[in-house]
Amino acid sequence: LAEAVGAEVEGDGQYLLEDVRPLDEAGEVHLSFLDNASYRRIAGVTQAGAVLVRPAEKDLLPAACIKLLLDNPYAGYARAMQKFYPMQSPRPGMSSQAVVSETAEVDPSARLEPGVIVYAEAKIGPRTHIGAHTVVGQGVEIGADCFVGPNVTLLNLTMGDACLIHAGVAIGQDGFGFAQDQEGIIKVPQVGGVKIGNRVEIGANSTVDRGALGNTVIEEDCKLDCQVQIAHNVRLGRGCRLVAQVGIAGSTRLGEGVVIGGQSGVAGHIEIADRVMVAAKSGVTKSVGQVGAVIAGVPAQPIEQWRRQQALIARMGKAGKITKGVTEPRVTKTGKKGKKASGSKTEETS
Amino acid sequence: LAEAVGAEVEGDGQYLLEDVRPLDEAGEVHLSFLDNASYRRIAGVTQAGAVLVRPAEKDLLPAACIKLLLDNPYAGYARAMQKFYPMQSPRPGMSSQAVVSETAEVDPSARLEPGVIVYAEAKIGPRTHIGAHTVVGQGVEIGADCFVGPNVTLLNLTMGDACLIHAGVAIGQDGFGFAQDQEGIIKVPQVGGVKIGNRVEIGANSTVDRGALGNTVIEEDCKLDCQVQIAHNVRLGRGCRLVAQVGIAGSTRLGEGVVIGGQSGVAGHIEIADRVMVAAKSGVTKSVGQVGAVIAGVPAQPIEQWRRQQALIARMGKAGKITKGVTEPRVTKTGKKGKKASGSKTEETS
Amino acid sequence: LAEAVGAEVEGDGQYLLEDVRPLDEAGEVHLSFLDNASYRRIAGVTQAGAVLVRPAEKDLLPAACIKLLLDNPYAGYARAMQKFYPMQSPRPGMSSQAVVSETAEVDPSARLEPGVIVYAEAKIGPRTHIGAHTVVGQGVEIGADCFVGPNVTLLNLTMGDACLIHAGVAIGQDGFGFAQDQEGIIKVPQVGGVKIGNRVEIGANSTVDRGALGNTVIEEDCKLDCQVQIAHNVRLGRGCRLVAQVGIAGSTRLGEGVVIGGQSGVAGHIEIADRVMVAAKSGVTKSVGQVGAVIAGVPAQPIEQWRRQQALIARMGKAGKITKGVTEPRVTKTGKKGKKASGSKTEETS
């Protein structure tokens, strides 16, 4: 195990561990980890048999506890979990309650649960698992080793290998496109598709619209949380991570490794540079050209600037006195003279 | 009826009512109620045969109208509705189009609609109704008298009695957990479950992730609106109410009776005290220790403080003049002396 | 084609076009369009065989390119797309895997995909397509020429003609209604329905709750994007457009042609006048009486006022210096005298 997670062992390297638990729940047969600072206070009393820990923090743990020393305990925990709970290939098989078109190509090692419907010319790769009641539309292609949950709808899609698509996701339906003239609202037919790379994960009840013309693209290693909305012709670069309830409007392009906090929105037709980080609940209205920029707020701006503004507003809110007849907030101090001049009113702000 | 809702009758206690209607639509065979202040103006002309009303407001109603006097007319209306529209136990039965594992235990008084799929070792309690195409995963336990709508996915779940789970809900899928090191993004296997208490209601297309380790917990009497997202290892105390499109990030704990307005988000790894109320569209970034606190804004803060800030900002927006070459907003009045000094510029702000 | 889109041809009116492409991808057999200003810079090098363009911009295009001159190229593009990709009536037919009540009325020209479930007394009109695993509840009425995607749930609904309902939508489930008294939380039974007019489009995984009493109403020509939430007893006037992840709280009424940007919310029990436009990520807390008003922010206000506030805050954020012991932000300039008085401190703000 230590080898698998890249840790140096301090203690009995042959000790038998049965499972992984948080520090405060672990017993002597459990592996645990110390990463988040808020767990330091309980580190000394953990019962865990072994703990993944940074070398500098190992003395926080009881002496009896086996230490697995490494720089990134959380990554070590992730790898250890993968050892304890390996992804299993599904048992191959096609439920008798699945409905599969004669022109579809389903690899014999794939597994189709009851109620799966596979339309004409669709392709499903080796060892891929399709959950109950999931609909695989005409011409959809799904690679190898994918796991698709129940009640999913996949239309107009080409997807790579080792993807995880959770329950209730809808991919490939029409995007939101309308023109308007004197005769009224005109629907713009949506005729593009969706392309998804390898190792993409999409959370439950998320939605990914097909392109209007051309494709909506999610490149490899992107991870989307639940209830994320990806509009038509969006392109997500490699390794983007979008937290729950994020929405990306049409034709916007994200670079590689962009991280977007929960409930944030990104406007349409803009470009976000590689490794930009967007705080939760932000609204990004303009392109961000600076690689690695960290932004926040509505409209989004550099996070330090946003924090400064919030601090100012907070202070004003405390300082300001709102009384009828006084039209200006008391937010200012203009040096000794000004202070004198404004007299008692200024004192209210101190 | 008066007894059931705890009201004192002023008028004919034997009068026959057929149904419940809003004040402006009710006729003489209808019961109505006067609760929201905005309905007072139409109270005098209602045609309702009987009205639930506070004693102090009874004279707003026509003399002919029977008054059912009580302190909380809306609660009375809710109880009256429950009398007029009682929840009915479903007719027992298992659709021939349902697919049920031989090792599942389905109570004979339960009802499974067409397309229901029940996996191995799942348990479904007495009088529980499972809607069409709903998937009940391996080992899932559902109590008595529950109503589960169509197209729902239930995985890794133990749920109590008398719960309502509406269409399209997804419970028990993987949470959003990733570590990162020099080799890339590492998925943290999600192996916990979801525990839901009695009388919980979850609105359509909401999502509840399984715990990473341990469980995501929703205690009894919690009510979730549509499109709510509950991340892994969140714990909601008894009787929390979350309005539509709220998101709660991982490992956060809410006390009892917490109320969160629509589209608000709560950050991960924090704790919210009992009976805290969060205004709609807020972003809660820190733990809230004060029982019953009312907070608002992004980041969330005491609502009075937030209101003061908004009022100040609004006033500044009206007062401020933005012209090239003038780099400071005109937001200040520094007493007579300052005012004189700044001359005509200050006048623009008045 | 030119006739269909209302354009005047400058070039060979008999030229054969095979498809539609964006300006930068179009070849000589493609039609394209020049509408968005950001495409002007590439207009001169397009390979498109023909381009829809405003008369004033036609000279931006290569001489060899056929010009189709019209005032609204985007509307022309929408109409051209409808010519190239006409909506097709489905092949009539009922899948042998569909489950249809004997008392349901399904027009023989309708199409039911595998797994469709139609309950008692439901009606499905001519040429309407119902997607795989969609559930049509008891008494639901669906008009002619509708397209309903897969995994949709329709309950307590009456819907007009030519509607598009995308995958995963849930319509007609209980709204979020609870009363509270000393005995606890009391569910208010939800017994109303949903009425949807002609030509309404609803995006994937959106939710529309049934009325508490009376109906939730979506009038004709409304267009809803993905993951929109419409609460009980909301009424949307004709031709409203709601972008992704918008939420409208209970009993609120929108006039005709209201447009709401993505992730915005509208509070309950208010009224929004015709043609009001709400910017993305806004929170509308009060009724808006002014027809055509454009509003933004949380709480929403006239957009010009909101922009002014944002500019002020941004400037303050840049100007303000936050240091311990200095309790007021440096946001002010009070004319020459004040400036002198505050000395070096004021300079920090310049």
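**Figure 1. Where chain C meets chain A.** Three salt bridges are counted between chain C and chain A. In one of them, the side chains of C:Arg79 and A:Glu183 come together at 3.8 Å, N to O. Polar contacts add to the picture, with 21 residue pairs counted between chain C and chain A, both partners at pLDDT 80 or more. On the chain C side, the elements that put in two or more residues are α3 (73-84), β26 (223-224), β29 (241-242), α4 (303-319) and α5 (335-342) of chain C. Sort the residues on that side of chain C by class and you get 28 nonpolar, 19 polar and twelve charged. Overall, 59 residues of chain C touch 62 residues of chain A. Together the two chains bury about 5100 Å², and carbon and sulfur atoms account for 62% of it. Keep in mind that this is a predicted model.

**Figure 2. Where chain A meets chain B.** Here 60 residues of chain A are in contact with 62 residues of chain B. The buried area comes to about 5100 Å², with 62% from carbon and sulfur atoms. Between chain A and chain B there are three salt bridges. A:Glu201 and B:Lys187 make a salt bridge across the boundary, their closest N and O atoms sitting 3.0 Å apart. The rule also picks out 21 residue pairs in polar contact across this interface, both at pLDDT 80 or more. Chain A brings two or more residues to its B-facing side from each of α3 (73-84), β26 (223-224), β29 (241-242), α4 (303-319) and α5 (335-342) of chain A. That side of chain A breaks down into 28 nonpolar, 19 polar and 13 charged residues.

**Figure 3. A salt bridge inside chain A.** Side chains of opposite charge can pair when their charged atoms come close. Counting over all chains, the structure has 51 salt bridges. This view picks out the one between A:Arg40 and A:Glu57, whose closest N and O atoms are 2.8 Å apart. A:Arg40 belongs to helix α2 (residues 40-43) of chain A, while A:Glu57 is in the loop between β4 (50-53) and β5 (66-69) of chain A, so the pair ties together parts 17 residues apart in sequence.

**Figure 4. A ten-strand parallel sheet in chain A.** Ten strands of chain A build an open sheet, and reading across it gives β7-β10-β13-β16-β19-β24-β27-β30-β33-β36, with parallel pairing. At the edges are β7 (99-100) and β36 (283-284) of chain A; each has a single partner strand, so one side of each has no neighbour in the sheet. For a look at one pairing, take strand β13 (residues 135-136) and strand β16 (residues 153-154) of chain A, which run parallel over two bridges. In this pair, A:Val136 sits opposite A:Leu154 of β16(A).

**Figure 5. A hairpin in chain A.** Strands β20 (residues 178-181) and β21 (residues 184-187) of chain A pair in the antiparallel sense over four bridges. Two residues make the hairpin link from β20(A) to β21(A). A:Asp181 faces A:Gly184 in β21(A).

**Figure 6. A mixed sheet in chain C.** Five strands of chain C form an open sheet in the order β1-β5-β4-β3-β2, and the pairing is mixed. Its edge strands, β1 (8-10) and β2 (19-20) of chain C, each pair on one side only. β1(C) runs antiparallel to strand β5 (residues 66-69) of chain C over three bridges. There, C:Glu8 is opposite C:Leu69 in β5(C).

**Figure 7. Backbone oddities.** Most residues other than glycine have a negative phi, and most peptide bonds are trans. The bond from A:Val298 to A:Pro299, though, is cis, with omega near -5°. A:Pro299 sits in the loop between β37 (294-296) and β38 (301-302) of chain A. Over in chain C, the peptide bond from C:Val298 to C:Pro299 is cis too, with omega near -5°, and C:Pro299 is in the loop between β37 (294-296) and β38 (301-302) of chain C. B:Gln245 isn't a glycine, yet has a positive phi of about 70°. You'll find B:Gln245 in the loop between β29 (241-242) and β30 (247-248) of chain B.

**Figure 8. Confidence in the model.** Chain A has a mean pLDDT of 88, with 91% of its residues at 70 or more. Residues 321-350 of chain A are another matter, with pLDDT under 50 throughout. For that stretch the model has 58 contacts beyond four places in sequence. For the complex, the predictor gives an ipTM of 0.89 and a pTM of 0.90.

Note on methods
Residues numbered from 1 in each chain as written. Chains lettered and ligands numbered in written order. Heavy atoms only, no water. Contact = heavy atoms within 4.5 Å. Buried area = accessible area lost by both parts, 1.4 Å probe. Salt bridge = Lys/Arg side-chain N within 4 Å of Asp/Glu carboxyl O. Polar contact = N/O pair within 3.5 Å; in protein donor to acceptor, adjacent residues only side chain to side chain. Nonpolar A, V, L, I, M, F, W, Y, C, P; charged D, E, K, R; others polar. pLDDT = per-residue confidence, 0-100. Pairing = 2+ DSSP bridges.
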